[in-house]
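Reader: I should like to work through this structure feature by feature. Please give the general idea each time, and then the case at hand.

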Amino acid sequence: MMDVADLRREYCRGGLHRADLPADPLALFEKWLAQACEAKLTDPTAMVVATVDADGQPWQRTVLLKHYDAQGMVFYTNMGSRKAHQLEGNPRISLLFPWHTLDRQVHVTGRVEKMSTFEVMKYFHSRPKDSQIAAWVSKQSTRISARGVLEAKFLELKQKFANGDVPLPSFWGGFRVVIETVEFWQGGEHRLHDRFYYTREGDGWHIERLAP
């Protein structure tokens, strides 16, 4: 077994100060996301999505953030997937943006609501055509015998839709995460990290500093 106990590094990219925090967490999120893009991080919009099943078992997977505004953060998925079924039973959700190269993390909690058919259709038809076809191919989270099954189905559907638009699958949709808390984590020297926790209060936000 690989010995990982001594694998460590120092975090020294600078601190996060209370006086510099905006009243709205999305303003800081937008700034950090822009800096992640400027730093050419791989998949800066990638976020770990955590849900809980009917037995209380947590599950995590990485998806891409596709939109955000004052109403929440949006991602799209197969509505027959494991995460979609779990969110049907328990709409509570947790998101994590792991920007390790910048010594930063953003953690979001909230609850989901389904996107409207119009919103889903608008986004679906903005995707590359091959991505639209791929949405039809996979019954996400179900067991398959071999990768060749997917590849054969993809080629079949690519030929079928070669000369026309790809229709929106009835089983494909999206979720908006209505944000309730946001935590910003900035790595600090000697493991004295800076953590600030935003909690929604009415139309505004309460901010607290947390111990690292």
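Reader: Which residues does UniProt list for "binding site"?

Author: One point should come first: the model is a predicted one. The unreviewed UniProt entry lists Arg8, Arg9, Glu10, Tyr11, Lys66, Tyr123, Arg127, Ser131, Arg191, Leu192 and His193 under that heading. These positions span 186 residues in sequence, and their two farthest C-alpha atoms are 43.2 Å apart, so they do not all gather at one spot. Four of them, Lys66, Tyr123, Arg127 and Ser131, belong to the lining of the largest pocket.

Reader: Where is Glu10 found, and with which residues is it in contact beyond its sequence neighbours?

Author: Such a question is read in two steps, first the element and then the contacts. Glu10 lies in the segment that precedes helix α1 (25-38). Beyond four places in sequence, Glu10 contacts Gly188, Glu189, His190 and Arg191. Arg191, for its part, is located in the loop that links β7 to β8 (194-201). With the same exclusion of neighbours within four places, the contacts of Arg191 are Arg8, Arg9, Glu10, Tyr11 and Pro212.

Reader: How is the exposure of these two residues to be classed?

Author: The intermediate class runs from 20% to 50% relative accessible area. Glu10, at 37%, is therefore partly exposed. Arg191 has a value of 35% and is therefore partly exposed as well.

Reader: How does one recognise the buried side of a helix, and which residues of α2 are buried?

Author: The general idea rests on periodicity: an α-helix has 3.6 residues a turn, so residues three or four places apart point the same way. In α2, which comprises residues 82-89, the buried residues are Lys83, Ala84, Gln86 and Leu87. They lie on the same side of α2, because they cover an arc of only 165° around the axis. The face turned away from that side carries His85 and Gly89, which are exposed.

Reader: Against which strands do the buried residues of α2 pack?

Author: Their partners are β1 (46-52), β2 (58-64), β4 (72-78), β5 (92-99), β6 (104-114) and β7.

Reader: In what sense do β1 and β2 pair, and over how many bridges?

Author: For a strand, one reads the direction of pairing and then the residues that face each other. β1 and β2 are antiparallel, with seven bridges between them. They make a hairpin with five intervening residues, and Gly56 in the turn has a positive phi of about 85°. β1 also pairs with β5, again antiparallel, through three bridges. Val49 can be followed across both pairings: it stands opposite Arg61 in β2 and opposite Leu95 in β5. Five of the seven residues of β1 are buried, so that the strand is mostly covered.

Reader: Which domain feature does UniProt place at residues 172-212?

Author: The unreviewed entry gives "domain: Pyridoxine 5'-phosphate oxidase dimerisation C-terminal" for that range. In the model this span is 73% strand and 0% helix, and its end C-alpha atoms lie 40 Å apart.

Reader: Is Thr181 buried or exposed, and what does its side chain join?

Author: Thr181 is in β7, residues 172-186. The cut-off for burial is under 20% relative accessible area. Thr181 has 9% and is therefore buried. Its side chain makes a polar contact of 2.4 Å with the side chain of Thr109. Apart from residues up to four places away in sequence, Thr181 touches His107, Val108, Thr109, Tyr197, Tyr198, Thr199 and Trp205.

How values were computed:
Residues numbered from 1 in each chain as written. Predicted model: local features only at pLDDT ≥ 70, side-chain atom pairs only at ≥ 80, totals over all residues. Heavy atoms only, no water. Helix = DSSP H or I, 4+ residues; strand = E, 2+ residues; numbered from the N terminus. Buried < 20%, exposed > 50% of the residue type's maximum accessible area, 1.4 Å probe, protein only. Polar contact = N/O pair within 3.5 Å; in protein donor to acceptor, adjacent residues only side chain to side chain. Contact = heavy atoms within 4.5 Å. UniProt positions renumbered as here; feature names shortened; annotations may be inferred. 1 Å grid on protein atoms, 1.4 Å probe; cavity = no way out; pocket = protein on both sides within 12 Å on 5 of 7 lines; lining within 4 Å. Arc of directions from axis to C-beta. Pairing = 2+ DSSP bridges.
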